[in-house]
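Work through the exercises below with the sequence and the model open side by side. Each task is followed by a solution that goes step by step.

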Amino acid sequence: MKTAVVDSPENEEMLAWWFLDTLVVEHRCAPEMDTVVLEMTLPVGSAPALHVHDDLDDTWYILEGQMVVRCGDEVLVVGAGHWVSMPRGVPHSFRVVGEREARILLVHDNASFRDFVRGVSTPATARVVPSDPTFPAMDELARVAAAHDLRPVGPPMSAEDCVTVLAGTS
């Protein structure tokens, strides 16, 4: 195939899932590409466990909202317009802070995280953050995560930790 693949918000072919407490929309790429592009909408307070991807550089662009990001020993406050690139093998996490949801555009060089999302999600019936999010049992979540290059190594960032970080940036 030698033609462009173009997605628009009205495209019925884009897949969307309710992934834990988030909405994930997969944007289509040309069939020959290994690139995976996911658009995530995350509610205030959304925070994954501190985790490692051994074979994935976790990279995303913040479209809307504000987050506190931890990568190794570094903690940063990021918002709309920031590009976040966390190298494989480095423990990282984040927490959505402020008054509104965050929207990020993930760009990955392999499908491991997308496949993790598919493994624990339900198809989204609307393009909104789930009003009643579902979380699988921790042992099931850990099993699926391990099968898709995601290794939890610590707890999520707490709201209290973020308050301290935000107070230090004012």
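Aspartate 109 is partly exposed, at a relative accessible area of 40%, where buried means under 20%, exposed over 50% and partly exposed in between, computed with a 1.4 Å probe on protein chains only. The model is predicted, so that local features need pLDDT of at least 70 and side-chain atom pairs count only at pLDDT 80 or more, while totals for chains, interfaces and linings use all residues. Residues are numbered from 1 along each chain as its sequence is written, and side-chain values use heavy atoms, with hydrogens and water left out.

**Exercise 1.** Find the salt-bridge partner of aspartate 109 and state where the two residues lie.

*Solution.* A salt bridge requires a side-chain nitrogen of Lys or Arg within 4 Å of a carboxyl oxygen of Asp or Glu. Aspartate 109 meets this with arginine 88, the closest N and O atoms being 3.2 Å apart. The pair links distant parts of the chain, 21 residues apart: aspartate 109 sits in the loop between strand 10 and helix 1, and arginine 88 in the loop between strand 8 (83–86) and strand 9 (92–97). Helices (H or I, at least four residues) and strands (E, at least two) are DSSP runs numbered from the N terminus. Arginine 88 is also partly exposed, with a relative accessible area of 35%.

**Exercise 2.** Describe the salt bridge between arginine 118 and glutamate 26, including the burial of each partner.

*Solution.* The closest N and O atoms of arginine 118 and glutamate 26 are 2.8 Å apart. Arginine 118 belongs to helix 1 and glutamate 26 to strand 2 (residues 22–27), with their positions 92 residues apart in the chain. Glutamate 26 is buried at 12% relative accessible area, whereas arginine 118 is partly exposed at 36%.

**Exercise 3.** How far apart along helix 2 are arginine 143 and glutamate 140?

*Solution.* The two side chains meet in a salt bridge, 2.7 Å from N to O. Arginine 143 and glutamate 140 are separated by about one helical turn, because they are three residues apart in helix 2. Elsewhere, salt bridges that share partners join Glu26, Arg114, Asp115 and Arg118 into one network, and the whole structure holds ten salt bridges.

**Exercise 4.** Why does cysteine 71 form no disulfide with cysteine 162?

*Solution.* A disulfide is a pair of cysteine sulfur atoms within 2.5 Å. The closest cysteine sulfur to that of cysteine 71 is in cysteine 162, 15 Å away, which is too far for a bond. Cysteine 71 is buried at 16% relative accessibility, as is cysteine 162 at 2%, and the structure holds zero disulfides.
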